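Grab a pencil and open the viewer. Here are a few short exercises on helices, loops and rings, each with a worked solution.

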Amino acid sequence: MRHSRRLPTSLLRPVALLCAAATALSGCTFRWNAQAGTGRGDIVIGASLALSGPLAVTGVVGSGAQAYFSRVNAEGGVNGRKIDFQVLDDAYDASRLTANMRRLVEQEHAALVLSFGGAAISTRPYLGERKVPLIALAGQTPFSDVRSFPYARAWWPDIAVEGKIAGTFLKNRFPGAKAGLLGLNNDLTPSQANGLRAAGLTLTKTIKVAPSVVDLGPQVNELRGAGVDVLFLSVGGAAQSAVLRLMDQVGYHPKIMLYSAQSEYTSTLTPAGPAAKGVYTAQWAKDPSDPRWTADPAVRQFKADMVKYGHAADSGKLLALNGYGAAAAVVAALRKATALDGKGFLKGWDGLRGAADPALLPRMSLNGGSDGRLVRSYRVQRFDGRTWQFENAS
């Protein structure tokens, strides 16, 4: 079967493809697979995610999304139609991602597709040609270009916005400090750098590394040698916690701002141990392992759904709740859709105003706009060794 072992096939319903021929003839690419004689059927949603490889830690967004979709199905679906969630592994490899997208669109007849990270940028022309909406769990600035790629949207806010908020905070809190950026060798880092510079923060040193690199000793020495005393850190995976421990071990203690998606309690803070105390992040989403959200109703519902639908092991992970929130946004847009096609769904997505979402920090809501984004707010936080605490942004 094509589904990852993380996402048991027992949770997924078989897909009826009875309307494929009619779809091809009509040009309608929003696939509502008809059940004979009723005109009703499944909404097929595809996803290509890194379930293996150097960024396999990000694959839990799929388990979170599946838990939410399963809950919606158990409650009757979307306007009576169930969601059939199809997940393929791309190992964060661009060629596999492209092949997966073609399979999801041409063989599985997906109504829309989800993907993680900037690699999905290359799939926008193909998906646009097929009129299949793409929802990327990514913050790269190119995903805001909905004029050039009208079928592409991003669940995460623009990273340049995060960079500007983080940069403004760091510049005001630590005036005169030498700033550096240690990130991945993809277009994530340029988006972050542009945001930091937009805040007036001068980057003394910018270093980019491959996602597979975990030993960052040479890079730490380079940053230290350049006199960097304020660092925006966004290397991801095991490297994020490893580099925090390394800097602590060698006595290098810059003020550190973690990229929001790599500030997770379980994969970054806990493995880093005491070295994580005092780090900052600019965040928009809750971390289900953070003790302060123990009694939060949305987080409790998320954890209950993760257990109920077979993903208990991922119930404490920030990215799993992130995927759960993305699925909630997709369902909200489906319910608001003005027509059963890609344009109708996208109109529903862009038309969300003041919508609640389980992943968001308190007093935040989903608000669509001309850039295709829904999330527009951040809060700067500092880790006190036990939990994140909100800072007064300045």
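The exercises below all use this predicted model.

**Exercise 1.** Work out whether helix α2 is largely enclosed or not, and check its span.

*Solution.* Start with the length: α2 covers residues 60-74, 15 residues in total. From first C-alpha to last it reaches 21 Å, close to the 21 Å expected at 1.5 Å a residue. Next, look at burial: 13 of those 15 residues are buried, so the rest of the structure largely encloses α2. Just past the helix, Gly76 has a positive phi of about 115 degrees.

**Exercise 2.** Classify the ring pair Trp155 and Trp284.

*Solution.* The structure has ten aromatic pairs. For this one, the ring centres are 5.6 Å apart and the planes meet at 85 degrees; over 60 counts as edge-to-face, so that's the label. Now place the partners: Trp155 is in the loop between β6 and α5, Trp284 in the loop between β11 and α10, so the pair ties together parts 129 residues apart in sequence. Trp155 is buried at 0% relative accessible area, and Trp284 is buried too, at 3%.

**Exercise 3.** Find where Arg363 sits, and decide: buried or exposed?

*Solution.* Arg363 belongs to the loop between β12 (353-355) and β13 (366-367). Its phi is near 65 degrees, a positive value in a residue other than glycine. With 78% relative accessibility, against a cut-off of over 50%, Arg363 is exposed.

Terms used. Residues are numbered from 1 along each chain as its sequence is written. This is a predicted model: local features need pLDDT of at least 70, side-chain atom pairs count only at pLDDT 80 or more; totals for chains, interfaces and linings use all residues. Side-chain values use heavy atoms; hydrogens and water are left out. Helices (H or I, at least four residues) and strands (E, at least two) are DSSP runs, numbered from the N terminus. The expected span of a helix is 1.5 Å times one less than its number of residues. Buried means under 20% relative accessible area, exposed over 50%, partly exposed in between (1.4 Å probe, protein chains only). Rings of Phe, Tyr and Trp (its six-membered ring) pair if their centres lie within 6.5 Å; planes under 30 degrees apart count as stacked, over 60 as edge-to-face and the rest as tilted.
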